[in-house]
Amino acid sequence: MAENPTNPTGPHEAAGGSEPEPNPKVSGPVKSSVGIHAIEESMRYSMAEMGPKRSLQTLLTMNHVDGFDCPSCAWGDPDPDHRKMAEFCENGAKAVAWEATRKRVDAAFFAEHSIAELRERDGHWLESQGRLTQPMHLAPGATHYAPISWHDALALTAEHLRGMADPNRALFYTSGRTSNEAAFLYQLLARRLGTNNLPDCSNMCHESSGAALTETIGVGKGTVTFDDITDHADLIIIVGQNPGTCHPRMLTALEQAKQRGARIIAANPLPEAGLGRFHNPQTARGLLGPGTKLADRYLPVRINGDMALFAGLNRALIDREDARPGSALDHDFIDRYCDGFQAAEAAWRALDWSRIETMSGLSRRLIENCAADVLKADSIIVCWAMGLTQHRNAVATIREIVNFLLLRGNIGRPGAGPAPIRGHSNVQGDRTMGIWEQMPDAFLDKVRDEFGFDPPRAHGLDTVDSIRAMRDGKADVFIGLGGNFASATPDTEVTEAALANCALTVNIATKLNRSHLCHGTESLLLPCLGRTERDLQASGEQFVTVEDTMAMVHSSRGRLLPGSPHLRSEVAIIADLGQALFGDDLGWRAMRDDYAVIRRHIEHVVPGFHAFEQRVRQPGGFMLPRGPHDSRTFPTSTGKARFTVNPPTAVVAPPGHLLLATVRSHDQFNTTVYGLDDRYRGIKGGRRVVFLNKDDLRDLHLHEGDLVDLISVHPDGERRADGFRAVGYPAPRGCAVAYYPETNVLVALDSTAETSNTPTTKSIVIRVEPAGRRADLSV
């Protein structure tokens, strides 16, 4: 392969490397989760990456008051008095070991490996090489990254930014793991430059949740607290979410709710081990006994059938109210606190049950049995994640869930409300801090008043529109604050080619990933501290803050010595870039030297952060105010919660096609792959697998273990992901599941959710063909 680092590779390489993958061993899904196996795997991975001393230094301080916040999921913490000594899960332990590894990627590594060679490697291999240790520069036309000083790296970035014809030709991308302090400084830097181009990972995950909740209840976040789940809810509905893999500590909270008498309903195309039987590794019953059965009812909803499910539940509640007035609906709540009910009620009455059954994949009887559980519950919580948010009709689906909660007054009282479960540690805090391309004028006015410049008001570009801008030659500089942009985004080949159109790409990161090899004419890698490491600045040791999925804000303080003397904190890198661009006009140096200065600015700009420094130093931190939780106050334009009319829709695959959803394996967090096993789904030693209903396998004239190619069908043409093993699995007919980022290549850039513009990675129309058919046809 010729060394041309600016050219994107073919479809196999675009999916994450062209190395052949071994044939995985398949044993079938398991029906229980965690237990002794999770402990063994956590310790095996931690010891291999960190060794005994570092493992103790990190794992026993993670998620504790004086320690650091887990850098993986955004699940909330118990009260400080109720935390266990080991307040972490298997994937949390792996996330920490991944960051605190003793392996290093230094200048000698880059001298040995060219860009072309590294692009042949998959993401798992790249990230397994270790921590970045010093700034690296890829000069125009060069084949290898080479060392560069911090001064020169920042000066080069500033030169490119100053040289643009328009500040809107810069893109400032953010990952969810960024702290509140770094996120606030980052949005300040972009707006001081003159742009609102602040795409972030929320654009690709819970943007649909924020859009639907803002429209219906006036707050773009969930309204549920940790205690609502553990101490108050009578019924918890978990839909489009796999907590056993994506939010494992949630299982402990669900177990507490079960032991109190709450019921749990799971709605998911695949039966997930985490919602089967939970073996709590911190209890004798969990380790040696039978564990706890979590889900009382499982609804095998078809992919993209969730909207029809909740429309059917709402229709069933209307029918029960007709049969026994006053038994199903909370009319007092509806009359006092809501508007739009009559139009929604008329739409539900007009629903055809046969269409609901077809779209949801569930029988009317099953939905009505679920409604019977609803009627027995005084307080109901609905939890969801990306299984709901990444469809064309995602926003309408979540609006329908809000309708369901409003019908029985399940917002604004203990144990009730919507609970979108965020997938990354501080993705919610980033948005609170202003990382959004559409921040309201009230926020921008506060920035103006605090810092003395007028921020731009025109809306900027989100993630999908940023890729379009790069593709079309309308962007010059891409800066990524964490994350793995090329692997996390849709339409992999298009995205990689788009990044190559930039004059400069800059990635602030802890470890090497594929995005660093999909670069512009010139490229920089700027290594930063991880959350596990001590952050020492001019005023002394610093701490940062994060916001979890329950809107709790708390501190995080690393304990390890930095992995290299050349590492800088994210805050320091952003502040130094601000000073390189603008001098010290906004006090960049003071904000770098003492993060309390940043928190004082946040206190003046961001609602809910009064007395920030004092409150965040309290054990456990503090909760941000949310009207619909603290009272039945809905900050909408009418002051009331809104019922909406959402005619049920569902993606229908044509004959001979299937509907594919992309998911994580159990050995993965977002795009970071820790290993090639998925213990809960019975996969060992491979990731290029596709899970199919056994009857679909038969109809496609395939057998388990066959090597197949996946071809997605879009109006602008087909996309391919080749070389997947077919695995028979208890999925609904017509549905298929495979891992991302390997299958992100199948998602068209223009296939996005209405309103939120989130990529539709959970409902992709595909054909499944025997591997090599394309080559056979060309002979």
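I381 stands opposite G417 of strand β15. This is a predicted model, and the pair belongs to a parallel pairing of β14 (residues 380-384) with β15 that spans four bridges. The points below cover the sheet, the helices on it and a nonpolar surface patch.

**The sheet**
- The open sheet has five strands, ordered β12-β9-β8-β14-β15, and their pairing is parallel.
- At the edges are β12 (297-299) and β15 (417-420), each of which pairs on one side only.
- From one strand to the next, the twist averages 15 degrees.
- In general, strands of a sheet pair through backbone hydrogen bonds, in either a parallel or an antiparallel sense.

**Helices on the sheet**
- Helix α12 (residues 250-260) lies across three strands, namely β8 (235-239), β9 (263-267) and β14.
- The direction of α12 is at about 150 degrees to β8.
- Helix α14 (residues 306-323) also packs on the sheet, where it touches β8, β9, β12 and β14.
- Between the directions of α14 and β8 the angle is about 150 degrees.

**Nonpolar surface patch**
- A nonpolar patch on the surface is formed by I36, I39, M43, M47, L287 and L288.
- Together these residues have about 520 Å² of accessible area.
- Helix α2 (residues 36-59) gives the most to the patch, with four residues.
- L287 of the patch lies in helix α13 (residues 284-287).
- L287 has a relative accessible area of 36% and is therefore partly exposed, a value over the 30% required of patch residues.

Key:
Residues numbered from 1 in each chain as written. Predicted model: local features only at pLDDT ≥ 70, side-chain atom pairs only at ≥ 80, totals over all residues. Heavy atoms only, no water. Pairing = 2+ DSSP bridges. Helix = DSSP H or I, 4+ residues; strand = E, 2+ residues; numbered from the N terminus. Axes fitted to C-alpha atoms, helices over the stretch in contact; angles between N-to-C directions. Contact = heavy atoms within 4.5 Å. Patch = residues over 30% accessible without salt bridge, like charges linked within 9 Å, V, L, I, M, F, W, Y side chains within 5 Å. Areas by Shrake-Rupley, 256 points an atom, 1.4 Å probe, with all protein chains shown as cover. Salt bridge = Lys/Arg side-chain N within 4 Å of Asp/Glu carboxyl O. Buried < 20%, exposed > 50% of the residue type's maximum accessible area, 1.4 Å probe, protein only.
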